[in-house]
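Visitor: I would like to go through this model and ask what stands behind each label. Please show it to me before we start.

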Amino acid sequence: MKYSSCFAKTFKTPPSDSDSANAKFLVQAGFVDQTMAGVYTWLPFGLAVLRKVEQIVREEMNALGALEIMMPSLQPKEFWEATNRWDTVDILFKLHSQTDKEYALGASHEEIVTPLALKFLKSYKDLPFATYQINTKFRDELRAKSGVLRGREFRMKDMYSFHTSQEDLSAFYQKTLEAYVRAYNRCGLNVKVVEASGGIFTKNPSHEFQALTPAGEDVILACGKCEFGQNSEVATLKEGDACPKCGGVLSTVKGIEVGNIFDLGTKYSDAFDLNFVDENGDRKRVLMGCYGIGTSRLVGSIVEANHDDRGMIWPKSVAPFQVHLITLNSKDETVRENIMGTADDLVRDLEAQGIEVLWDDREDVAPGAKFADADLIGAPLRILISEKSLKEESVEWKERISAEGRLVKFVDVVEEIGEFVKV
Ligand SMILES: [Zn+2]
């Protein structure tokens, strides 16, 4: 893609009201635009990252055998009354229709998925199963803050599982916990798994996943060797203690919650009378679990954990593009044509290999501003073609994470980039 043809470009300065790295850099770099507090438009580069994150999450859920569906955001009041949550969930958006009916805007989908299961589920032979969606959620937060971390409208993957026994539910819960850790690691995040109280959802067991970053708002005790963590507010352990899982040393770190999983027990199957007939012909309650990852929040968390004072540093797996190609203008017409022709060939060769390239082809922008934009946007690799590099029959190669660049010969560059982008 040529940067000159992208309408959503960088701003010289960050938004004046940014309260976090993700709010600052995602807006300044033209990845998202704040429509109003807690509500964002996802622009081309931001949407590219969001889609990659969601695809990683989707692959991990599919690997668990869960089937993807899409449920409505507009939900009937009666279902929320059936679970006694219409009046008790304070972050629920409620709409009043001109027909005098009332609706909820989906903050969660137990109220939809449980009656849905009721229509298909008859006997133990229909169990277990799991289904999920990646969809937009709404929460009437009193204070939206921290960019895309805490919004009123956001993207979320929510999965629900249905079981005949606690043993089966617990086994699936554990498998999902491991799939979550894999999904976060693939997104370039180091996470700890923290036992949590269920909050508004349930008093049954639940876990939250904390992405480690100094910008995190939660303080946790985390093991240096394995995934174990414990919320410091309810900690039974202290800094320096041995990890109960592996014996490693526990230390205090900061994290951002990037997901949670809940053993729901029969809370929702009680509300909707969701039963199955077992092998002996007896009717029994279905056991449920639910599993959430805020995918737009995950994008924000990746920025919080991967940036410096100049901008974002995208992990290769979720970068909007792998290569940020910069061409510098020349006053000499022949040299200028040579630079642009070389860049054109390189882009074609890379794209033929499926490598995504942003080409900053703008001719009226100074080199310093182009370099600043490349650092801000944060693609893993910057490739520069200039009069100087042409003389060496080379491009200048600089990785976002390193301070120094080096020259790579034209004849080698496509192959070297091909090696570099392998995650
Ligand atoms: Zn440990």
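**Strands, a cavity and a buried residue**

Guide: Strand 11 (residues 218–223) and strand 13 (residues 250–265) run antiparallel and are joined by six bridges. The model is a predicted one.

Visitor: What makes strand 11 and strand 13 a pair?

Guide: A pair needs at least two bridges, and strand 11 and strand 13 have six, so by the definition they count as paired. One example is A222, whose bridge partner in strand 13 is S251.

Visitor: How do you know that strand 11 also pairs with strand 12?

Guide: Three bridges join strand 11 to strand 12 (residues 228–231), again in the antiparallel sense, and the requirement is at least two. L221 stands opposite Q230 in strand 12. A hairpin of four residues leads from strand 11 to strand 12.

Visitor: Why are strand 4 and strand 5 called edge strands?

Guide: They belong to an open sheet of three strands with the order 4-6-5 and antiparallel pairing. Strand 4 (74–76) and strand 5 (93–96) each have a single partner strand, so one side of each is left without a neighbour in the sheet. From one strand to the next the twist averages 40°.

Visitor: What makes strand 4 and strand 6 partners?

Guide: Strand 4 and strand 6 (residues 102–105) share three bridges in the antiparallel sense, against a minimum of two. Within this pair, P76 stands opposite Y103 in strand 6.

Visitor: Why is the pairing in the five-stranded sheet called mixed?

Guide: That open sheet has the order 20-19-21-22-23, and its pairing is mixed. The edge strands are strand 20 (357–360) and strand 23 (406–409), each pairing on one side only. Neighbouring strands of the sheet are turned by 30° against each other on average, direction ignored. Both senses of pairing occur around strand 21: strand 19 pairs with strand 21 in the parallel sense over five bridges, while strand 21 and strand 22 pair in the antiparallel sense over four bridges. On the parallel side, the bridge partner of H324 in strand 21 is R382. On the antiparallel side, L381 has E399 as its bridge partner in strand 22, and L384 stands opposite E396.

Visitor: Which helices touch this sheet?

Guide: Helix 8 (residues 333–352) packs on the sheet and touches strand 19 (323–327), strand 20 and strand 21, with its direction at about 170° to that of strand 20. Helix 9 lies across strand 19, strand 20, strand 21 and strand 22 and runs at about 175° to strand 19. Among the buried residues of helix 9 are K370, D373 and A374. After helix 9 comes G378, with a positive phi near 85°.

Visitor: What makes strand 21 a covered strand?

Guide: Buried means under 20% relative accessible area, and five of the five residues of strand 21 are buried. In a regular strand the side chains alternate between the two faces of the sheet. Here both faces are covered: L381, I383 and I385 are buried on one side, R382 and L384 on the other.

Visitor: How many cavities are counted, and what lines the second largest?

Guide: The count comes to four cavities of 30 Å³ or more. The second largest has a volume of about 60 Å³, so it passes that cut-off. Its lining consists of H324, A374, D375, A379, L381, R382, K398, E399 and R400. Helix 9 (367–377), strand 21 (381–385) and strand 22 (394–399) each supply at least two of the lining residues.

Visitor: How many of the residues lining the second largest cavity are charged?

Guide: Five are charged, three are nonpolar and one is polar. Asp, Glu, Lys and Arg count as charged, so D375, R382, K398, E399 and R400 fall in that class.

Visitor: Why is N22 called buried?

Guide: N22 lies in helix 1 (residues 21–28). Its relative accessibility is 1%, and the limit is under 20%, so N22 counts as buried. Leaving aside neighbours within four places in sequence, N22 is in contact with residues including S146, G147, V148, L149 and G300.

Key:
Residues are numbered from 1 along each chain as its sequence is written. This is a predicted model: local features need pLDDT of at least 70, side-chain atom pairs count only at pLDDT 80 or more; totals for chains, interfaces and linings use all residues. Side-chain values use heavy atoms; hydrogens and water are left out. On a 1 Å grid over the protein atoms alone, a cavity is a set of points where a 1.4 Å probe fits but cannot get out, and a pocket is an open set with protein on both sides within 12 Å along at least five of seven lines; lining residues have an atom within 4 Å of a point. Buried means under 20% relative accessible area, exposed over 50%, partly exposed in between (1.4 Å probe, protein chains only). Axes are lines fitted to C-alpha atoms, for helices over the stretch in contact, and angles run from 0 to 180 degrees between N-to-C directions. Contact means heavy atoms within 4.5 Å.
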